[in-house]
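Thanks for squeezing me in, everyone. I'd like to walk you through one chain today, so have the sequence and the model up while I talk.

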Amino acid sequence: MSDVTRTRHGRPVHHWRRDLVELAALFTAVAVADVVADLVGHGPDGPGLLAISALALIATAGFHTWWSRRHGHAPPTGDTGARPAADARRTGPSEAQSPSETDAGSEQSPETPGAVATPAALWRMRTTVRDAPGSLAALCTALAGRQVDILSLQTHPLAEGTVDEFLLRAPSEVAASEITRAVSSAGGSGTWIERADAHDLVDAPTRVLGLATRTALDAAELPLALRQLLGRCTIRSLPATVAGKGREPESVPVEGALEDSVMRLRAPEGGVITIERPYLPFTPTEFARARALVELDARLGPRIPRSQDVLTLPEGNAITVRRADTGDLDAARDMHERCSARTLGMRYHGPVDDADRYLNHLLSPRFGRTLAVQTASGRIVGLGHLLWDGDETEVALLVEDDWQRRGIGSELLGRLVAMAVEAGCESVYAVTQASNTGMVAAMRGLELPLDYQIEEGTLVVTARLEAAASSVDVTEFGRADAP
């Protein structure tokens, strides 16, 4: 055990060596006092000796005071630079207590009963500062004055000035308006701020590499990767139009185009990808990152993960559920020919003869994800689509007549919703006819909050996915990194 004096319940615990020293000092003082008394009582120089004794006593008392302060039970706050008690309670044991105090137990001092650490809030903030020495330092000083920690910082150079993007941790009692006022007073302009979460703690290079990996393994990940890269935005993919069958595709330079809060990029298949974010203009740095991600996707070409699951239906038939793409176009058309006009009308809400025209778009991984149900003979009997519709997500099902009411539709829908949850979608919607009781039953079987809108026989059922992570079985099937 060390000689360091510890405290327990606010009372000092003395070491036996210190007690021994003090006891020896006491006996020495008594002996000296006895000698002095004899000299004063029997010698002619008694008053002088008494004065010398008084000076010695004062010197001894001063030395004892100095020794106590130097080797006391706890160093003064002013001597060590330690945080005040209020800050120590806020930061918690890891920052405010020494190892010896932490090891002593979780007992609290009588002066601070029930002390609880104050929670902190995470914020994402952007602001524009002058491109001049000291501009960023003034901003950091203003944030520090309100006890705001800067966890990460990215700089986006502009033609004039610099956009600084911060991840901040602030005391919960500090409001967003207070942070923006501090930034404005330090020279920041065009400040934007919103709440962040633990996912934002990943540094930018790591996040970009992860998104590139997901895109490289699955072409359907491109819209999701762009949305995670750029935040809340609306992404629309416009396919290239064949000459003579519609308008010409929108003209976009090879390097793309950036216009404030809208960027347009050449889609890998020849169309156009439009990304809009009205609440926050894009920076040239963000534009370059998005363009690099799209170029990577174009170089790799169409691709999907080849994972599959074999399931057994209640009557004993084995089926395989797997990802599908444009390579399954012929098999999907054959399934259309076996479906009744009523089944196709329920699915496509239009002339049955036009159904085949949608398949090439639906099966393309550029616009979403498709699951196919395949029999042991290799025939496709069901398709499920998860389609990226701007900032919304649509689910759609088609099951061949002879295979309906066997649970295939519910199986497909459950997997599509699980994939939507994994992709971070807030909701999914299905468009069908009010008479399509099978689709309505499948949506209700998700046991998620549902919204219904019906107009002239067309029914739109929207499932909100806030609680889906706990109420829906989010499997690994269909993910880019699934085995």
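Let's start at a loop: Asp260 sits between strand 8 and strand 9. When I say helix or strand, I mean DSSP runs, H or I over at least four residues for helices and E over at least two for strands, numbered from the N terminus. Asp260 isn't a glycine, yet its phi is positive, about 60°. Most residues other than glycine have a negative phi. Asp260 is also exposed, at 53% relative accessible area. For the cut-offs, buried is under 20% relative accessible area, exposed is over 50%, and partly exposed is in between, with a 1.4 Å probe and protein chains only.

Quick housekeeping. This is a predicted model, where local features need pLDDT of at least 70 and side-chain atom pairs count only at pLDDT 80 or more, while totals for chains, interfaces and linings use all residues. Residues are numbered from 1 along each chain as its sequence is written, and side-chain values use heavy atoms, with hydrogens and water left out.

Arg405 is another one to click on: again a positive phi of about 60°, again not a glycine. Look for Arg405 in the loop between strand 15 (392–399) and helix 15 (408–422). With 79% relative accessibility, Arg405 counts as exposed.

Zooming out, the chain has 17 helices and 18 strands. It runs to 483 residues, of which 36% count as buried. If you take contacts, meaning heavy atoms within 4.5 Å, with a separation of 6 or more, 63% of them are between residues 24 or more positions apart.

Back to the strands on either side of Asp260. What order do the four strands of that open sheet come in? It's 7-10-9-8, with antiparallel pairing; two strands pair if DSSP finds at least two bridges between them. Strand 7 (234–238) and strand 8 (257–259) are at the edges with a single partner strand each, so one side of each has no neighbour in the sheet. Direction ignored, neighbouring strands here are turned by 15° against each other on average. For angles, axes are lines fitted to C-alpha atoms, for helices over the stretch in contact, and the angles run from 0 to 180 degrees between N-to-C directions. Strand 8 and strand 9, residues 262–266, pair antiparallel over three bridges, and Leu258 is opposite Met263 in strand 9.

Two helices pack on this sheet. Helix 10, residues 222–230, touches strand 7, strand 9 and strand 10 (272–276), and its direction is at about 30° to that of strand 10. Helix 11, residues 284–300, touches strand 8, strand 9 and strand 10, at about 25° to strand 9.

Keep your eye on helix 11, please. Helix 11 also lies across strand 3 and strand 4, running at about 80° to strand 4. Those strands belong to another open sheet of four, in the order 4-5-3-6, antiparallel as well. Its edge strands are strand 4 (149–157) and strand 6 (189–195), each pairing on one side only. Strand 3, residues 120–129, is joined to strand 5, residues 162–171, by ten bridges. Along that pairing, Thr127 stands opposite Asp164, and the bridge partner of Ala121 is Ala170. On to strand 6: five bridges join strand 3 to strand 6, with Arg126 opposite Trp192. Strand 3 is mostly covered, with eight of its ten residues buried.

Now the helix pairs. The axes of helix 10 and helix 11 come within 11 Å and cross at roughly 165°. Helix 10 and helix 11 are therefore roughly antiparallel; the bins are under 35 degrees for roughly parallel, over 145 for roughly antiparallel, 65 to 115 for roughly perpendicular, and oblique for the rest. From helix 10, Leu222, Ala225, Leu226, Leu229 and Leu230 meet a set in helix 11 that includes Ala290, Leu293 and Val294.

And last, helix 9, residues 204–217, packs against helix 11 at about 25°, with the axes 9 Å apart. That makes helix 9 roughly parallel to helix 11. Leu211, Ala212, Thr215 and Ala216 of helix 9 make this contact with Leu293, Leu296, Asp297 and Leu300 of helix 11. That's my tour; over to you.
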